[in-house]
Amino acid sequence: MLEDPGGGAARREGGSFKAELWSSCRGWLKMKLHCEVEVVSRHLPALGMRNRGKGIRAVLSLCQQTPGSRPRPRAGGERGGPLPTCLVICTLRDKRGTRYELKENIEQFFTKFMDEGKATVRLKEPPVDICLSKANSSSLKSFLSAVRLAHRGCNIEVPLSTFTPVKTSEFEKFKTKMVITSKKDYPLSKNFPYSLEHLQTSYCGLVRVDMRMLCLKNLRKLDLSHNHIKKLPATIGDLIHLQELNLSDNHLESFSVALCQSTLQKSLRSLDLSKNKIKALPVQFCQLRELTDLKLDDNELIRFPFKMGQLTNLRFLSAARNKLPFLPSEFQNLSLEYLDLFGNTFEQPKALPVIMLQTPLTLLESSARAMLYNRIPYGSHIIPFHLCQDLDTAKTCVCGRFCLSCFIQGTTTMNLHSVAHTVVLVDNMGGTEAPIISYFCSLACYVNSCDMLK
C-alpha cells in the first residue's frame with residue numbers, strides 16, 4: 001500500500017481527495033524544495049557496490065515535460081494523453097537537472113522522519129530511492145503532497161510551467177552559517193535560512209531567545225553571547241542536533257531542569273555560561289553527560305552539583321571567579337585535561353565533622369537507600385514528586401552507597417592535579433589544592449576513612 005506523505009495510508013479516492021490535496025498545495029508552480037538529495041540505485045547492492053551515503057545540495061521542482069524532453073514511456077505505460085508531470089532535481093554542478101516521471105511511477109513514500117526534514121521517494125523506473133534531508137518540514141509536507149497528486153495523474157486546472165534551468169543564486173538559500181554582531185543587521189522582517197547549522201547573534205540587545213531560532217532543526221552551533229537574555233525557553237531542548245551553546249555575557253540566573261532533561265542530554269558537547277548571574281546549577285545538570293567543554297567563569301556559583309562526577313566525558317572545566325567554598329566529593333571522579341578554579345572563596349577544611357546520624361534509621365531513609373542501592377526505577381507517576389526530589393539529591397558515601405538526611409559530613413583538601421592534567425593556580429600564592437566535602441553513610445565508613453580526613 002502506498003504511504004500517505006502525512007503519515008497514513010491513502011484511502012480516499014476521486015474528486016474529494018484531489019480537491020483537498022490541491023487546496024493544500026496551491027503555489028506548486030512557484031514553490032521549490034531546497035534540501036539535500038541522495039539518489040540511491042537499488043541495483044548497487046546486487047552488484048556488490050555501495051552508494052557514497054552523503055547527500056548534496058539540490059533544488060527540487062515539479063514541471064510539465066515538453067514533448068522533446070519526455071522520456072521513453074515505460075513498458076505498458078501510456079503513449080498518448082496529456083503531458084505528464086516530472087520531478088526535476090538540480091544541483092550546483094547540474095543546473096539543468098535530472099528528470100523523473102511521476103505518473104504511476106512511485107512505489108512508496110517513506111515519511112516517518114518528515115518532521116525532521118527527511119523523507120524518501122521510491123520510484124519504480126528507474127529503480128532508485130530519492131532520499132531527501134535537511135528540508136524545511138512544512139515545505140517538505142506540501143511538496144510531497146504535490147508529488148503524490150502528480151503520481152495519481154490527477155487533472156490540475158492550473159497548468160504547470162515548463163522547466164527552466166536553476167540559477168546559481170538559488171543555491172545561496174542553502175546558507176549554513178550566519179554571523180550577526182550588531183542590532184542593525186538583525187533580521188526583523190524575514191526568517192533565518194532554515195538550513196543554518198551555525199548561528200551567531202551577539203551584541204544584538206536580545207532580552208529573550210528569538211523563537212524563530214528554535215525552528216532551525218539543523219542547528220549545531222548557537223551563539224547568543226553578549227546580549228541581555230534573562231531566561232531560556234525549554235524549547236531550546238528541541239534542537240536535536242545542537243552541539244555547542246554559547247550564552248556568555250547575558251543576565252541568566254539559572255539553567256532549568258527542563259533543559260537538563262531534554263534531547264541536549266544526547267547532543268550537547270560544549271556549553272558556555274560564563275559572565276552571568278548563576279548561583280547554582282540543578283543536580284539534573286549532571287545528566288548532560290556528553291559535555292566535553294564547560295565554562296562557568298564570572299558567575300555567582302556557591303556550589304557545584306554534587307553529582308559532578310557523572311560528567312565522565314568532561315575534559316575542559318573553567319569556573320574561575322565564583323564563590324565556591326568547597327568541591328563536592330564526586331569531583332574526584334572527573335578526568336580533565338584543563339581545570340581553572342582561580343579566584344574562588346575556598347574555605348579551610350573544618351577540623352570536626354558534621355554528624356547527622358540517626359539510630360535506628362527512619363523508614364524514609366531506609367527505603368530511599370534501598371531504592372537507590374538496588375537501582376529501582378522511580379518517577380512522579382509512581383511516588384510523590386517531593387520524594388523524587390529527595391532521591392535525586394541523595395548524597396553518595398565514599399563507600400558508594402547513598403544517604404538522604406542521615407550522614408556524617410567531613411572536609412579535606414585535594415590536589416587538583418589528581419583530576420586534571422593542566423591546572424590553573426587557585427590563588428595568587430601558587431596553590432593547586434582545594435577543599436573537598438565528603439559524606440559517610442555510617443560511623444563505620446567514617447572511621448575507615450579517618451586517615452583521609454586528617
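This briefing walks through aromatic pairs, charges over rings and a nonpolar surface patch. The model is predicted, so please read the details below in that light. Five aromatic pairs turn up in the structure, and two of them are a good place to start.

**Aromatic pairs**

- Tyr186 and Phe192 form an edge-to-face pair, because their planes stand at 75 degrees, with ring centres 6.0 Å apart.
- Both partners are covered: Tyr186 is buried at a relative accessible area of 10%, and Phe192 is buried at 6%.
- Phe304 and Phe331 are stacked, since their planes meet at 15 degrees, and their ring centres are 5.9 Å apart.
- This stacked pair ties together parts that are 27 residues apart in sequence, because Phe304 sits in the loop between strands S13 (293-295) and S14 (316-318), while Phe331 sits in the loop between S14 and strand S15 (336-340).
- Phe304 and Phe331 are both buried.

**Charges over rings**

- Arg401 is placed over the face of Tyr373, 4.2 Å from the ring centre.
- Lys395 is placed over the face of Tyr439, 5.7 Å from the ring centre.

**Nonpolar surface patch**

- Ile355, Leu357, Leu443 and Val447 make a nonpolar surface patch of about 360 Å².
- Leu357, one of these patch residues, belongs to the loop between strand S16 (354-355) and helix H5 (363-373).
- With a relative accessible area of 32%, Leu357 counts as partly exposed, because this value falls between the 20% limit for buried and the 50% limit for exposed.

Note on methods:
Residues numbered from 1 in each chain as written. Predicted model: local features only at pLDDT ≥ 70, side-chain atom pairs only at ≥ 80, totals over all residues. Heavy atoms only, no water. Phe/Tyr/Trp six-rings, centres within 6.5 Å; stacked < 30°, edge-to-face > 60°. Buried < 20%, exposed > 50% of the residue type's maximum accessible area, 1.4 Å probe, protein only. Helix = DSSP H or I, 4+ residues; strand = E, 2+ residues; numbered from the N terminus. Lys NZ or Arg CZ within 6 Å of the ring centre and 35° of its normal. Patch = residues over 30% accessible without salt bridge, like charges linked within 9 Å, V, L, I, M, F, W, Y side chains within 5 Å. Areas by Shrake-Rupley, 256 points an atom, 1.4 Å probe, with all protein chains shown as cover. Salt bridge = Lys/Arg side-chain N within 4 Å of Asp/Glu carboxyl O.
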